[in-house]
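Me: Please take a close look at a single part of this model and explain, step by step, how that part sits against the rest of the chain.

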Amino acid sequence: MNRLAETTTQTAIQKDIGALERHVLASRDIATQIGDPFLSYLLSMALFTIYEKKAHHENEALRSSFS
């Protein structure tokens, strides 16, 4: 039962991270289109952080599935 709750939590976190990723990507595209390189850079750094978090959660999910 504990594993089911953990899996459900991991899935919810992955969905939230995915939604955030899509919004930041869209915002970065807009910043690029309007010609704001600094905002585009900041949003790229935000994406990098999101990708790190995503990888961390995927690694945690893999570890828990093998435990």
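**A close look at helix 2**

Reply: Glu 60 has a relative accessibility of 29%, and therefore counts as partly exposed. This glutamate belongs to helix 2, the part examined here, and everything that follows is read from a predicted model.

The setting can be given briefly. The protein has two helices and zero strands, and of its 67 residues 16% are buried. Its accessible surface comes to about 5200 Å², of which carbon and sulfur atoms supply 62%. Among the contacts with a separation of 6 or more, 59% join residues 24 or more positions apart.

Helix 2 covers residues 37-66. With 30 residues at 1.5 Å a residue, helix 2 should span 44 Å, and its end C-alpha atoms are 43 Å apart, so the two values agree.

Within helix 2, the buried residues include Ser 40, Leu 43, Leu 47, Ile 50 and His 57. Ser 40 has a relative accessible area of 13%, which is under the 20% cut-off, and therefore counts as buried. Leaving aside its neighbours within four places in sequence, Ser 40 is in contact with Arg 28, Ala 31 and Thr 32. Further along the helix, His 57 is also buried, because its relative accessible area of 18% falls under 20%. When residues up to four places away in sequence are not counted, His 57 touches Gln 10, Ile 13 and Ile 17.

Three of the buried residues just named, Leu 43, Leu 47 and Ile 50, belong to the largest nonpolar core, which has six residues and also takes in Ile 17, Val 24 and Ala 31. Helix 1 (2-34) and helix 2 are the elements that give two or more residues to this core. In soluble globular proteins, nonpolar side chains tend to be buried together. Val 24 shows the packing in detail, since beyond its neighbours within four places in sequence it is in contact with Leu 43, Ala 46, Leu 47 and Ile 50.

Helix 2 also carries nonpolar side chains on the surface. Phe 38, Leu 39, Tyr 41, Leu 42 and Met 45 form a nonpolar patch there, with about 490 Å² of accessible area together. One of them, Leu 42, lies in helix 2 and has 39% relative accessibility, so it counts as partly exposed, between the 20% and 50% cut-offs.

The charged side chains come next. Side chains of opposite charge can pair when their charged atoms come close. The structure holds two salt bridges. In one of them, the side chains of Lys 54 and Glu 21 meet at 2.6 Å, N to O. Because Lys 54 lies in helix 2 and Glu 21 in helix 1, this pair ties together parts that are 33 residues apart in sequence. The two partners fall into separate accessibility classes: Lys 54 is partly exposed, with a relative accessible area of 28%, whereas Glu 21, at 12% relative accessibility, counts as buried.

The other salt bridge returns to the residue that opened this reply, for the side chains of Glu 60 and Arg 63 meet at 2.7 Å, N to O. Both residues lie in helix 2, three residues apart, about one turn of the helix. An α-helix has 3.6 residues a turn, so residues three or four places apart point the same way. Arg 63, at 53% relative accessibility, counts as exposed because its value is over 50%, while Glu 60, at 29%, remains partly exposed. Glu 60 can also be placed relative to a residue far away in sequence: Gln 10 is 50 residues from it along the chain, yet their C-alpha atoms are 8.8 Å apart in space. Gln 10 is also one of the residues that His 57 touches.

Taken together, helix 2 gives residues to the nonpolar core along with helix 1, is tied to helix 1 through the salt bridge of Lys 54 and Glu 21, and holds the pair Glu 60 and Arg 63 within itself.

Terms used:
Residues numbered from 1 in each chain as written. Predicted model: local features only at pLDDT ≥ 70, side-chain atom pairs only at ≥ 80, totals over all residues. Heavy atoms only, no water. Helix = DSSP H or I, 4+ residues; strand = E, 2+ residues; numbered from the N terminus. Buried < 20%, exposed > 50% of the residue type's maximum accessible area, 1.4 Å probe, protein only. Contact = heavy atoms within 4.5 Å. Patch = residues over 30% accessible without salt bridge, like charges linked within 9 Å, V, L, I, M, F, W, Y side chains within 5 Å. Areas by Shrake-Rupley, 256 points an atom, 1.4 Å probe, with all protein chains shown as cover. Salt bridge = Lys/Arg side-chain N within 4 Å of Asp/Glu carboxyl O. Expected span 1.5 Å × (residues − 1). Core = buried A, V, L, I, M, F, W, Y, C linked by side-chain atoms within 4.5 Å.
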